[in-house]
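Subject: Structure handover

Hello,

Here is the structure I said I would pass on. Please open it alongside this message.

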Protein chains: 2
Amino acid sequence: MAEEQLSSYHPPLPPTTEEDRFSWLRLLRSRKVGPATFRRLMREHGTAQNALAALPEMARAAGIEGYEICPPGVVEAELKAAKAVRARLLCLGDPDYPKHLLDLQDTPPVLWAIGDPALLRRPAIALVGARNCSSLGTRMARALAHDLGKQGYVIVSGLARGVDTAAHLAGLSTGTIAVMAGGVDVVYPAENTHLAADIAAQGLRLSEQPPRMTPQARHFPRRNRIISGLAQAVVVVEAAAKSGSLITARDALDQGREVLAVPGHPFDARAAGCNLLLRDGARLVRNAQDVIEALPMQTEAAPQKPVQEIMKDLPPPPPQKRSLKQTARLHMRILDRLGPSPLAEDQLIRDLSSNAGDVGPALVDLELDGKIQRQAGGLLSRVE
Amino acid sequence: MAEEQLSSYHPPLPPTTEEDRFSWLRLLRSRKVGPATFRRLMREHGTAQNALAALPEMARAAGIEGYEICPPGVVEAELKAAKAVRARLLCLGDPDYPKHLLDLQDTPPVLWAIGDPALLRRPAIALVGARNCSSLGTRMARALAHDLGKQGYVIVSGLARGVDTAAHLAGLSTGTIAVMAGGVDVVYPAENTHLAADIAAQGLRLSEQPPRMTPQARHFPRRNRIISGLAQAVVVVEAAAKSGSLITARDALDQGREVLAVPGHPFDARAAGCNLLLRDGARLVRNAQDVIEALPMQTEAAPQKPVQEIMKDLPPPPPQKRSLKQTARLHMRILDRLGPSPLAEDQLIRDLSSNAGDVGPALVDLELDGKIQRQAGGLLSRVE
């Protein structure tokens with residue numbers, strides 16, 4: 001009996017049946033459930049099925065009227081669309097799931113893949129940069145992708161115009177991965193349709209979004225974290241100041257990835273972003289050799305971390321049920337502490353003189369309720 | 001009596017009379033006496049006059065046949081030539097002698113100056129780079145010199161073509177110092193004659209060589225150490241790989257100076273030297289602000305270090321006279337230890353299980369004898 005009670009707190013296993021996978025998708029596609037909440041719910045409920053069963057009650061307790069979990073038809077449509085484009089689902093914990101993404105704070109629970117997932121097991125370098133890059137930028141992207149490819153590195157990029165396109169093209173014969181912002185079957189820009197088909201045939205296309213999803217602005221930074229997450233190093237080939245590539249670079253630093261940049265003359269505005277990164281300590285890249293020398297010491301590929309371990313660092317589930325009144329009071333105290341500036345979760349717990357077991361579920365409630373936001377690095381902020 | 005014996009070991013004073021200055025020059029212009037030997041001789045003999053009196057006997061003891069100190073006529077000619085071009089002698093320890101040069105391992109004992117020595121008391125930045133620089137390089141040198149000048153920094157350079165010329169021109173109105181490889185009156189290249197005259201009138205020209213000395217290849221690296229020595233930071237504006245500017249940059253690092261470089265695109269060979277420096281950790285320069293931010297914390301100008309202190313870190317003089325046989329044996333042991341690769345003097349002393357008081361004079365003998373060479377950083381090597 002005691003054992004049975006404990007069993008619901010065991011870390012979840014990767015999905016093994018079609019039904020499991022269906023439930024994973026259904027949980028993930030439910031409203032207000034992102035990668036971080038998904039992880040927390042799995043930690044607390046053991047399986048996606050259990051989490052789905054608990055969600056409506058949690059939402060009701062948090063005061064959300066009429067919360068409904070993702071209808072099964074939505075997942076059925078997603079699976080059907082994926083099948084039509086021969087996309088394969090990679091779930092966290094699957095043998096083919098890219099192990100480097102386990103380093104992320106918000107590891108995507110699932111990825112859709114078209115092409116050869118074996119590329120995910122090889123060391124990879126991300127090449128990113130301006131869509132409107134100069135001819136120098138195009139040439140440099142091509143040279144780096146070609147030479148790094150010859151050295152055995154898979155080239156990861158985002159299938160955008162400019163640097164991305166040049167990098168994928170030059171890396172096609174040696175191995176390239178395109179991480180898409182929208183659905184894995186939605187090619188943007190349209191002029192890269194042919195390249196995207198070549199990558200599906202010879203390389204790999206990946207996306208955490210459902211197939212057929214049109215890419216939206218908010219998808220790009222999320223996509224970029226996967227690009228840098230897959231790679232040992234991120235090379236910014238050419239970037240103006242205040243460009244998206246700089247955001248990718250800073251996120252990559254947060255992920256513990258090596259960030260490198262190709263310099264340009266300060267009078268060339270298209271190099272301003274790269275020079276800024278270099279001034280702030282990024283490694284300088286003149287050629288593929290510079291990239292390889294900057295990589296962290298080559299170690300044996302670490303054995304794939306089981307999902308159990310990934311979930312282990314999350315706070316333990318609540319030791320006992322609290323009254324609605326107690327819960328409401330805790331919610332109020334949390335919201336009082338949080339503002340628009342992000343605060344670390346453990347700092348919040350200390351500030352409240354509470355413990356993770358009490359605060360954790362309250363945070364899930366508030367997050368589901370849309371009152372707080374969870375950001376990379378375990379930071380929390382209040383939604384105004 | 002004991003006091004009188006000790007007095008000859010007192011650190012020397014800067015020259016105060018015309019006769020002193022004459023003797024300083026005469027000692028410095030004597031064969032095999034460079035800045036390091038000059039310092040050591042002054043340390044051991046108290047005054048230039050005493051050192052001059054001791055030199056022939058030291059040379060004889062070292063087995064040099066017919067060694068003669070510099071004839072007085074040579075110094076008379078130097079002084080006359082200097083007077084003709086209104087050059088002023090700045091001796092180590094003089095109030096006008098640039099205090100930053102005291103940081104060098106081989107501080108020049110004297111400098112000839114034409115122009116305004118007050119510039120030596122202001123904070124200075126060295127701008128160096130290619131003679132055949134691109135138009136981007138010229139524009140950058142001009143912009144940096146102009147903007148740094150406006151911020152109160154004196155621009156130090158070497159009056160060469162390209163970057164140097166652009167830097168001096170742009171720094172002329174706010175303060176610029178040209179350090180010449182040959183005599184302070186020997187302008188090279190000739191096309192800079194007008195600029196050199198302007199610098200004499202509005203800025204300062206400096207050289208450690210005697211006036212009328214034609215610049216020779218070996219003078220350039222020695223000149224460059226003064227350029228970087230005068231400055232808080234050395235900015236390499238544009239430099240190819242394997243260029244002289246890179247040697248200046250590395251010497252500047254050895255001197256503890258901040259080295260900065262302006263980046264360029266890796267496909268531009270004229271930026272290869274700068275990119276190499278940046279890859280190896282030099283600070284990146286996009287504009288004058290980057291230079292200023294990279295400077296060490298602004299501290300009050302340190303009071304001028306007296307010559308006594310400069311000489312103090314040299315090993316003490318020998319406690320007693322040794323027999324010729326003992327001396328010869330020590331010389332042999334030293335030469336056995338030394339090879340063409342430089343060895344630190346204190347390492348040598350430890351290897352010999354000896355002390356600085358014994359080894360020091362033997363090293364002077366061997367140096368005068370041309371059997372060993374003294375290099376920057378107190379390193380010694382054997383002349384093959």
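Below is what turned up, taken topic by topic.

Please keep in mind that this is a predicted model.

**The core**

The largest nonpolar core has 140 residues. Leu27(A), Ile177(A), Leu27(B) and Ile177(B) have the most contacts inside this core. Take Leu27(A) as a place to look. Leaving aside residues up to four places away in sequence, Leu27(A) touches Val33(A), Phe38(A), Leu41(A), Met42(A), Ala48(A), Ala51(A), Leu52(A) and Leu55(A). As background, nonpolar side chains in soluble globular proteins tend to be buried together.

**A covered strand in chain B**

Go next to strand E7 of chain B, residues 233-236. Both of its faces are covered. Ala233(B) and Val235(B) lie on one side, Val234(B) and Val236(B) on the other, and all are buried.

E7(B) pairs with strand E3 of chain B, residues 124-128. The pairing is parallel and has 4 bridges. Ile125(B) has Ala233(B) as its bridge partner. E7(B) also pairs with strand E8 of chain B, residues 258-261. That pairing is parallel too, again over 4 bridges. Here Val234(B) stands opposite Val259(B).

**A sheet in chain A**

Chain A has an open sheet of 3 strands in the order E10-E12-E11. The pairing is antiparallel. Strands E10 (343-344) and E11 (372-375) of chain A each have a single partner strand, so one side of each has no neighbour in the sheet. E11(A) is joined to E12(A), residues 379-382, by 4 bridges. Gln375(A) sits opposite Leu379(A) of E12(A).

**Cavities**

How many cavities of 30 Å³ or more does a search of the whole structure find? There are 5.

The largest has a volume of about 50 Å³. Its lining draws on chain A through Val237(A), Glu238(A), Val262(A), Pro263(A), Gly264(A), Asp268(A), Arg270(A) and Ala271(A), and on chain B through His265(B). By class, that lining has 4 nonpolar, 2 polar and 3 charged residues.

The second largest has a volume of about 40 Å³. Its lining is His100(A), Leu119(A), Leu120(A), Arg122(A), Ala124(A), Ile177(A) and Leu230(A). By class, this lining has 5 nonpolar, 1 polar and 1 charged residues. Ile177(A) is worth a second look: this residue lines the second largest cavity and is among those with the most contacts inside the largest nonpolar core.

Best wishes

Key: Residues numbered from 1 in each chain as written. Chains lettered and ligands numbered in written order. Predicted model: local features only at pLDDT ≥ 70, side-chain atom pairs only at ≥ 80, totals over all residues. Heavy atoms only, no water. Pairing = 2+ DSSP bridges. Helix = DSSP H or I, 4+ residues; strand = E, 2+ residues; numbered from the N terminus. 1 Å grid on protein atoms, 1.4 Å probe; cavity = no way out; pocket = protein on both sides within 12 Å on 5 of 7 lines; lining within 4 Å. Points joined across faces, edges and corners; volume = space filled by probe spheres on them. Nonpolar A, V, L, I, M, F, W, Y, C, P; charged D, E, K, R; others polar. Core = buried A, V, L, I, M, F, W, Y, C linked by side-chain atoms within 4.5 Å. Buried < 20%, exposed > 50% of the residue type's maximum accessible area, 1.4 Å probe, protein only. Contact = heavy atoms within 4.5 Å.
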